Amino acid sequence: MSSSEQKSKTNQEKAMEAMEQIAKEASKKSAEELVFTYKGVLYPSAICSQETFQALECFEAREEDLLAVTYPKCGTNWIVQILHEMVYPMQNDHPTLHQAMIEFGKPEKVQKLKDRPSPRVLSSHLYYDDIPKSILEKKVKILVIFRNPKDTAVSYFHFYNSNPVLPTYSSWDLFFKDYMSGKVCCGSYFDHALAWNKHIDEENVLIITFEEMKEDLPIQLKKISKFFGISLTEDQILLIENRTTFTSMKAKSKETHGKFGDAFFRKGDVGDWSSLFNEAQSQEMDAKFEQCLAGTKLGEKLNYNKYCTF
Ligand code: A3P
């Protein structure tokens with residue numbers, strides 16, 4: 001291919017080609033090779049590394065950065081797309097999710113992030129304690145998205161089995177065990193939730209849920225834009241809403257996520273957990289929720305009884 005053809009490709013096309021290459025390499029690896037442990041937490045070795053984590057310690061945050069933090073499958077792609085629509089309106093060739101995720105990529109990623117102009121939309125699955133210090137020191141505004149733990153588990157199971165960079169699970173039951181004990185990539189849902197619950201009242205932290213966004217997206221868009229100090233007209237809110245529904249994002253997913261579109265945009269529903277959970281698993285999750293989150297502000301926000309009972 002000539003260099004002019006290469007140049008005329010969009011950022012997203014180039015990023016998709018790189019991801020396809022990563023996936024191809026990953027598909028030759030064993031389940032053990034596909035993950036590594038950093039500070040006791042599993043991560044996918046095809047897309048991040050110990051060296052990148054070390055490089056991230058020197059990451060320089062800017063006060064005007066916008067950070068979205070999620071546990072995997074809680075709506076990362078959705079919220080990052082919303083922030084891109086708010087910050088870079090009417091632009092189609094946004095950075096990809098992989099580019100926005102601070103811990104994904106080679107150690108040079110930290111320099112690439114440095115070269116990006118402000119305001120930068122950043123995202124992460126990191127535990128609170130592993131978020132680079134300068135983000136906390138600069139009091140960067142952090143939007144955290146959670147989703148009910150049962151739908152998150154089901155979504156994660158399907159994702160493990162449709163994404164070549166992750167090991168495959170031969171059964172839901174095996175996945176459920178690992179999910180409950182936090183032996184999945186990016187660690188335990190409950191450890192994440194407990195850590196963020198401690199910061200729920202801080203003025204630079206806003207926690208909203210996937211279910212709140214499904215229930216009334218315009219209200220949540222207004223809350224998010226106010227939090228980040230982005231002023232939007234009603235028409236702009238409507239436009240962002242239209243561009244970030246599940247249907248619109250899935251329809252554009254070949255452009256934004258290449259071959260991986262269907263893995264990232266599966267159903268986008270609330271309540272799909274009942275397709276896989278049996279009664280015993282449901283009770284085990286109920287007990288875990290009760291033990292970890294009952295009576296906490298985040299626990300209340302997750303509206304467990306509404307979204308997680310048969
Ligand atoms: P399902 O597997 O339940 O369909 P993440 O982006 O953190 O990987 O999360 C993926 C989950 O969010 C998937 O859930 C996906 O379908 C859902 N999702 C992605 N975009 C969405 C949107 N615009 N509206 C609703 N759900 C969305």
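**Entry 1: Glu215 and its partner**

I started with Glu215, which counts as exposed at 53% relative accessibility. My cut-offs: buried is under 20% relative accessible area, exposed is over 50%, and partly exposed is in between, with a 1.4 Å probe and protein chains only. This is a predicted model, so I keep the filters in mind: local features need pLDDT of at least 70, side-chain atom pairs count only at pLDDT 80 or more, and totals for chains, interfaces and linings use all residues. Residues are numbered from 1 along each chain as its sequence is written, and side-chain values use heavy atoms, with hydrogens and water left out.

What does Glu215 pair with? I found a salt bridge to Lys306, with 3.3 Å between the closest N and O atoms. For the record, a salt bridge is a side-chain nitrogen of Lys or Arg within 4 Å of a carboxyl oxygen of Asp or Glu. Glu215 sits in helix H11 (residues 210–215) and Lys306 in helix H19 (residues 304–307), so this pair ties together parts that are 91 residues apart in sequence. Helices here are DSSP runs (H or I, at least four residues), strands are E runs of at least two, and both are numbered from the N terminus. Lys306 itself is partly exposed, at 48% relative accessible area.

**Entry 2: other salt bridges**

I searched the whole structure and got 15 salt bridges. Side chains of opposite charge can pair when their charged atoms come close.

One of them joins Glu17 and Lys9, at 2.3 Å from N to O. Glu17 is partly exposed at 37% relative accessibility, while Lys9 is buried at 17%.

Another one links Arg266 to Asp272, with 2.8 Å from N to O. Salt bridges with shared partners bring Arg266, Lys267 and Asp272 into one network. I looked up the exposure too: Arg266 is partly exposed at 29%, and Asp272 is buried at 12%.

**Entry 3: the ligand**

Which residues come nearest to the ligand? There are 18 residues around it, and Lys73, Thr76, Ser155, Lys267 and Gly268 come nearest. Near, in my notes, means that a heavy atom of the residue lies within 4 Å. I had already met Lys267 in the network with Arg266 and Asp272.

Then I checked N and O atoms. Gly75 has a backbone N or O atom 3.1 Å from a ligand oxygen. Trp78 has a side-chain N or O atom 3.3 Å from a ligand nitrogen. Thr244 has a backbone N or O atom 3.0 Å from a ligand nitrogen. The ligand has 570 Å² of accessible area on its own, and the protein covers 98% of that. The areas are Shrake-Rupley values with a 1.4 Å probe.

**Entry 4: His125**

Is His125 buried or exposed? I have it as buried, with a relative accessible area of 8%. His125 is in the loop between strand S4 (121–124) and helix H7 (133–137). Its side chain reaches the backbone oxygen of Thr70 at 3.0 Å. Leaving out residues up to four places away in sequence, His125 touches Thr70, Tyr71, Pro72, Thr76, Met101, Glu103, Phe104, Cys186 and His192. Contact here means heavy atoms within 4.5 Å. Thr76 is also among the residues that come nearest to the ligand.

**Entry 5: cysteines**

How many disulfides does the structure hold? I count 0, where a disulfide would be two cysteine sulfur atoms within 2.5 Å. I wanted to see why. The Cys74 sulfur is 11 Å from the closest cysteine sulfur, that of Cys186, so it is too far for a bond. For Cys292 the closest cysteine sulfur is in Cys308, 14 Å away, which is also too far for a bond. Cys74 is buried at 0% relative accessibility, and Cys292 is buried at 14%.

**Entry 6: backbone oddities**

Most residues other than glycine have a negative phi, and most peptide bonds are trans. I noted a few exceptions.

The peptide bond from Ser118 to Pro119 is cis, with omega near -5°. Pro119 is in the loop between helix H6 (109–115) and S4.

Lys139 has a positive phi, near 50°. I placed Lys139 in the loop between H7 and strand S5 (141–146), and it is exposed at 56%.

Cys186 has a positive phi as well, near 75°. It lies in the loop between helix H9 (172–180) and helix H10 (189–197). Unlike exposed Lys139, Cys186 is buried at 4%, and I recall that Cys186 is among the residues His125 touches.

Terms used:
A polar contact is a pair of N or O atoms within 3.5 Å; within protein, one must be able to donate a hydrogen and the other to accept it, and residues adjacent in sequence count only if both atoms are side-chain atoms.
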